[in-house]
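Biologist: I'd love a close look at one part of this structure, with a little of its setting. Please take me through how one pair of elements packs, and then step back from there.

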Amino acid sequence: MSGENKTVAVTQSPYPFDAEIRGRLLALMESGIKQAEIVRGSRVQSAVVSQYLNKAGNLYPGDTERFERAFKSWLNRRELELLAGIPTISTTISEQIVSAAKMVMRCGIMGKGIGKAGIGKTRGATLLQTVEGLNAIVIFASKETGYKEFIFRELCREMGIRGPQKGPKRRPMYVELEKRIREAKPLIVVDQAHMLGKSAIDFLVELWNATRAAQLFLGTRKLVEKLERDEQWASRLDFTFELNVVVDGDTNEVRPLVEHQIKSRLPELNGEFKQVASLCEKLATHGSFRRVEMRLATMLYLSESPRNKDRSWAELFDMAGEFLNAAETEE
């Protein structure tokens, strides 16, 4: 036998990680997003990001779940910005939602924030994930996701509980979920809560009964109507925050976001900014910020047509309105 020394390569086993979150980050990097942007957006140290996204798997040995929450928060904000076409900024509505969140956290209760569609509830919910001390878990409900199993899976993922969530192992997982929520006391936020089904609401009420971890439902007036159908739901979620913007002679809470929308969406306005802003303010007052965003996007689309090259932005505003109304009529 040879007396030569042999070097044996030691491979490090990857640590547990959330496959969905890590997969989303890797997909972004494959699309051309640099690691520096992930670091800057999520505010997670560069060394941690490098270890977490290592080709061999997650090689970060510390509290991975804490960083995964930061990654998910940034990913959700980024997707919202891409969907809306403009960066998410603090608004009057988001500030009202933060105040509501702090109140239900301080009291350890369930509460609801009610505002009309398009007013900015989703932006406000997303920004809650960046507020220090709230430890907010934000779930975005829809017709496809407003059921009990989805809510259960999302909460398990957020609380770092991994594994099968059906069959005989479900009960121990629910017990563990209760335990972790009771200990961590996160704020559970459900956006578009008017989309929740009966079993999902029952589940969340039971979870509050067991943990006393604060919950905030955000939705339209339909949420109030839904909750009034069940005495237990209504009593648990009786605390209500009315979300609205004020526009009068002395106060204009619409203007900051409208101006931000215009600057983010349209190119040089050639001196028409004030006029377009006034038109958009009226639209936001009588409609919603989402309507403003749709109108601006349509204006930009129409401006690219050669036959509209001499049109003013004010003319394009009216043309965009007609264009959108025609599309709604056809549907």
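Modeller: Happy to; here is one helix pair, followed by its surroundings.

This is a predicted model, so local features need pLDDT of at least 70 and side-chain atom pairs count only at pLDDT 80 or more, while totals for chains, interfaces and linings use all residues. Numbering starts from 1 along each chain as its sequence is written, and side-chain values use heavy atoms, with hydrogens and water left out.

The protein has 15 helices and 5 strands, taken as DSSP runs numbered from the N terminus (helices H or I, at least four residues; strands E, at least two). Our pair is helix 12 (residues 255-265) and helix 14 (residues 289-303), whose axes lie 10 Å apart at an angle of about 25°. Axes here are lines fitted to C-alpha atoms, for helices over the stretch in contact, and angles run from 0 to 180 degrees between N-to-C directions. The two helices are therefore roughly parallel (angles under 35 degrees; over 145 is roughly antiparallel, 65 to 115 roughly perpendicular and the rest oblique).

Which residues of helix 12 and helix 14 meet? Helix 12 brings Leu 257, Val 258, Gln 261, Ile 262 and Arg 265, and helix 14 answers with Phe 289, Val 292, Glu 293, Leu 296, Ala 297 and Leu 300 (contact means heavy atoms within 4.5 Å). By type, this contact holds 8 nonpolar, 1 polar and 2 charged residues. Here Ala, Val, Leu, Ile, Met, Phe, Trp, Tyr, Cys and Pro count as nonpolar, Asp, Glu, Lys and Arg as charged, and the others, Gly among them, as polar.

Now for the setting. The largest nonpolar core has 34 residues, of which Ile 151, Leu 155, Leu 177, Leu 196, Phe 203, Leu 204 and Phe 217 touch the most other members. Such a core is a set of buried Ala, Val, Leu, Ile, Met, Phe, Trp, Tyr and Cys residues joined through side-chain atoms within 4.5 Å, and buried means under 20% relative accessible area (exposed over 50%, partly exposed in between; 1.4 Å probe, protein chains only). Helix 9 gives the largest share of this core, 7 residues. Leaving aside residues up to four places away in sequence, Phe 203 touches Lys 148, Ile 151, Phe 152, Leu 155, Tyr 174 and Leu 177.

Apart from that core lies another, of 20 residues, and this brings us back to our pair: Leu 257 and Val 258 are among its members, as are Ala 277 and Leu 316. Across the protein, 47% of the 331 residues count as buried.
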